[in-house]
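Subject: Model for your files

Hello,

Please find the model below, followed by notes on what turned up in it. The notes start with one loop and work outwards from there.

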Amino acid sequence: MGFIAQYRHTIIAIALCGLAWWFLSPQSPRVFLPEYLEDGVNCSYIGSNAGDNGPSETAVPASMQPLVLSKLKMTPVKGYTVSARVLQRTRYLYDDLAKISTFDWIIGWDFMGNKKALTRLKYTLKNRSFAIERGKGGLLDYSPNDLVHHFTTVHLIPANKSIASKINKIGVGDNVRLEGWLVNLETPNWTQDTGTMEIEGSEILLVCRVVPLSPQKVWPNFK
């Protein structure tokens with residue numbers, strides 16, 4: 001009896017598990033596309049004068065109208081540009097917001113963008129909320145108020161398939177620049193305003209542009 005014939009049931013089981021992981025697991029490298037992305041979103045963006053460290057916000061032009069899609073209305077409230085390090089990332093596939101946003105990131109800038117922030121703090125993203133705890137790198141010399149002004153959680157809404165693919169490839173520890181609009185969401189079943197998810201500073205971002213930054217980018221020292 002050949003090897004394949006002898007172990008065919010095991011091989012089939014492994015193959016089925018692999019397929020299930022590829023299509024269903026949040027850890028799969030496959031790009032998961034929200035339902036609205038079949039045609040993409042018209043995401044005209046007026047760039048800000050943001051520097052290379054932290055976020056910048058701009059006013060929404062009076063002429064800009066809400067973005068109305070099938071069963072989804074996105075109302076821009078601010079233009080938003082940020083250069084930061086990705087401190088944690090989580091993919092969601094099955095909650096209500098996953099039909100619009102499949103990725104959440106915790107991003108940090110200034111001293112929270114420094115590589116030491118990745119080892120001296122522990123980040124957890126779960127159920128669209130986050131927790132930050134002291135890591136193994138020693139005591140922190142910053143107050144909670146210092147920390148909260150140098151990081152945020154972003155619920156990423158890609159404007160098109162190309163941006164969704166770029167977001168999918170960016171990992172923890174990568175430096176990145178995001179440009180887009182902070183938006184309020186409205187569906188037939190629920191509404192959600194940016195900046196009000198779980199705690200203040202958790203933003204809903206329609207991403208119009210993603211630019212990977214150099215891994216050698218220098219951030220201020222983390223005490």
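**The turn between strands 5 and 6**

Arg128 sits in the loop that links strand 5 and strand 6. Strands and helices here are DSSP runs numbered from the N terminus, with E and at least two residues for a strand, and H or I and at least four residues for a helix. This is a predicted model, in which local features need pLDDT of at least 70 and side-chain atom pairs count only at pLDDT 80 or more, while totals for chains, interfaces and linings use all residues. Residues are numbered from 1 along each chain as its sequence is written, and side-chain values use heavy atoms, with hydrogens and water left out.

Arg128 is not a glycine, yet its phi is positive, at about 65°. Asn127 is in the loop between strand 5 (121-126) and strand 6 as well, and its phi is also positive, near 55°. Are these two residues buried or exposed? Arg128 is buried, with a relative accessible area of 6%, whereas Asn127 is exposed, at 57%. The cut-offs are under 20% relative accessible area for buried, over 50% for exposed, and partly exposed in between, with a 1.4 Å probe and protein chains only.

Strand 5 and strand 6 form a hairpin with two residues between them. The two strands run antiparallel and are joined by six bridges; strands count as paired if DSSP finds at least two bridges between them. One of the facing pairs is Leu125 with Phe130 in strand 6. Strand 5 has one covered face, made up of Leu121, Tyr123 and Leu125, and one uncovered face, made up of Lys122, Thr124 and Lys126. In general, side chains in a regular strand alternate between the two faces of the sheet.

**Aromatic rings**

How many aromatic pairs are there? The rule takes rings of Phe, Tyr and Trp (its six-membered ring) with centres within 6.5 Å, and calls planes under 30 degrees apart stacked, over 60 edge-to-face and the rest tilted. By this rule the count is one aromatic pair. Phe130 and Phe151 make up the pair, which is edge-to-face, with 5.5 Å centre to centre and 85° between the planes. Phe130 belongs to strand 6 (residues 129-134) and Phe151 to strand 7 (residues 151-158), so the pair ties together parts that are 21 residues apart in sequence. Phe130 is partly exposed, at 21% relative accessibility, and Phe151 is buried, at 8%.

Elsewhere, Lys217 lies over the face of Trp219, at 4.5 Å from the ring centre. The criterion for a charge over a ring is NZ of Lys or CZ of Arg within 6 Å of the ring centre and within 35 degrees of the ring normal.

**Strand 7 and its neighbours**

Eight of the eight residues of strand 7 are buried. Both of its faces are covered, with Phe151, Thr153, His155 and Ile157 on one side and Thr152, Val154, Leu156 and Pro158 on the other.

Strand 7 runs antiparallel to strand 4 (residues 103-108), with six bridges between them. Asp104 has His155 of strand 7 as its bridge partner. Strand 7 also pairs with strand 10 (residues 202-212), in the parallel sense and over six bridges. There, Pro158 has Val207 of strand 10 as its bridge partner.

Ile204 is in strand 10 and is buried, with a relative accessible area of 0%. Its C-alpha atom is 5.9 Å from that of Val183, and these two residues are 21 residues apart along the chain.

**Helix 5**

Which residues of helix 5 (residues 161-169) are buried? Ile163, Ala164, Ile167 and Asn168 are. They cover an arc of only 140° around the axis, taken from the directions from the helix axis to the C-beta atoms, which puts them on the same side of helix 5. The buried residues of this helix pack against strand 3 (72-91), strand 4, strand 7 and strand 10, where contact means heavy atoms within 4.5 Å.

**The chain as a whole**

The protein chain has five helices and ten strands. Of its 223 residues, 43% count as buried. Among contacts with a separation of 6 or more, 72% are between residues 24 or more positions apart. The exposed area of the protein chain is about 12100 Å², and carbon and sulfur atoms supply 54% of it; areas come from the Shrake-Rupley method with a 1.4 Å probe, and for residues only the protein chains shown count as cover.

Regards
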